[in-house]
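Here is a short, friendly briefing to read alongside the structure. It goes through a covered helix, a loop serine and some charged pairs.

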Amino acid sequence: MIDIYPAIDIYNGEAVSLENGDIKRKESFGDPLKFAIDFSEISGNLHIVDLNGAFTGNTANRNAIKNIRENVKSFMQVGGGFRTMESIDSGYKMGVDSIILGTASLDRKILEEAAGKYKNITISIDAYNGYIKYNGWANGTKITYRNFYREVQGIANRFIFTSINSDGTGHISTIEKFWDDGYFIYAGGINSIEDLKKLENIGFNGAIIGKALYNGNIGMEELKCLQRE
C-alpha cells in the first residue's frame, strides 16, 4: 500500500493549511505538536514544512520542529528555508530524517553537495501549470517539471511532486508517471481513500495528506486500516 505522510505546515508556530500556497488563504488549526502526536498513531511518517522559512529563506519555526522531534518517533521529512549547507546541517543535527530541498534544488552546487553528504535528501518538484515554482511558490521559472526531473535524476532518489494547482483544493491532479526510478511522493489536493488508490496505480510510493485530515474528509481510522492492509 502507498505510504502515508500526514502534513504539518507551520506558520508563526501554528499548524495551518493554505490553498494553492497562498498565505492570504490560510486556515489555522493550533498546536503542531498535538497533530504530530495524533498523526503518529496512523502513520510512521510525518511531512513538516516551515512556511515562514519557505517564504523568507530563514527557518523560523525551529523550536516547534525540534519539539516534535523530541516527542515523536516517526520518520520526519522537513522542508522550508533549507537553502544553505549550514541550514541543512542544522536540520540533520536536530534529528530530522530527511531534509526537503525545493528552492535550493535549483542551485546545482548546493544540491550536489547536500546529496553527497546526506544520502536521504528529498528533492521537491513543485509544479504550477506544468512549470517549476520556488521561494515558497512565489516565483516561477520556464522549466517544466519533466525537464527538471531529467536534470536532477540520479543526484537523489527521494522526490516529492507537488501539484500547486491542486494544493488545498480537495482535488488531485491528473498526471501520468514521468519518472524512471526513485521513491516518489505526491502532494496536492488528496481528499479521499479513492485518491490514494489512484495515486498508487499511477506509480507513486507515498502521498502527503494535509487539509483532508484536519477537516475530517479522510478519517484517522480509515487510514489506520489502510496502512494495515
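Helices here are DSSP runs of H or I with at least four residues, numbered from the N terminus. With that in hand, R108 and E112 can be placed together in helix α5, 4 residues apart, or about one turn of the helix. Please keep in mind that this is a predicted model.

**Helix α4 and its surroundings**

- Helix α4 spans residues 85-93 and is mostly covered, with 7 of its 9 residues buried.
- The buried residues of α4 are M85, S87, I88, D89, S90, G91 and Y92.
- Which elements help to cover them? Among them are helix α3 (62-71), strand β6 (98-101) and helix α5 (108-117).
- Just after α4 comes G95, whose phi is positive, at about 100 degrees.

**A serine in a loop**

- S43 sits in the loop that runs between α1 (32-39) and β4 (45-50).
- Is S43 buried or exposed? S43 has a relative accessible area of 4%, so it counts as buried, the cut-off being under 20%.
- From this loop, the S43 side chain reaches the backbone nitrogen of N45 at 3.1 Å.

**Salt bridges**

- Side chains of opposite charge can pair when their charged atoms come close.
- How many salt bridges does a search of the whole structure find? The search gives 5, and the bullets below describe some of them, including one that involves α4.
- K117 and D89 form a salt bridge, with their closest N and O atoms 3.1 Å apart. This pair links distant parts of the chain, since K117 belongs to helix α5 and D89 to helix α4, 28 residues apart.
- The two partners of that bridge sit in different accessibility classes: D89 is buried at 16% relative accessible area, whereas K117 is partly exposed at 48%.
- In helix α1, D38 forms a salt bridge with K34, and 3.0 Å separates the closest N and O atoms. The two residues are 4 apart in this helix, which means that about one helical turn lies between them.
- D38 is partly exposed, with a relative accessible area of 24%, and K34 is partly exposed too, at 45%.
- In helix α5, R108 forms a salt bridge with E112, the closest N and O atoms being 2.8 Å apart.
- R108 has a relative accessible area of 43% and is partly exposed; E112, at 42%, is also partly exposed.

Conventions: Residues are numbered from 1 along each chain as its sequence is written. This is a predicted model: local features need pLDDT of at least 70, side-chain atom pairs count only at pLDDT 80 or more; totals for chains, interfaces and linings use all residues. Side-chain values use heavy atoms; hydrogens and water are left out. Buried means under 20% relative accessible area, exposed over 50%, partly exposed in between (1.4 Å probe, protein chains only). Contact means heavy atoms within 4.5 Å. A polar contact is a pair of N or O atoms within 3.5 Å; within protein, one must be able to donate a hydrogen and the other to accept it, and residues adjacent in sequence count only if both atoms are side-chain atoms. A salt bridge is a side-chain nitrogen of Lys or Arg within 4 Å of a carboxyl oxygen of Asp or Glu.
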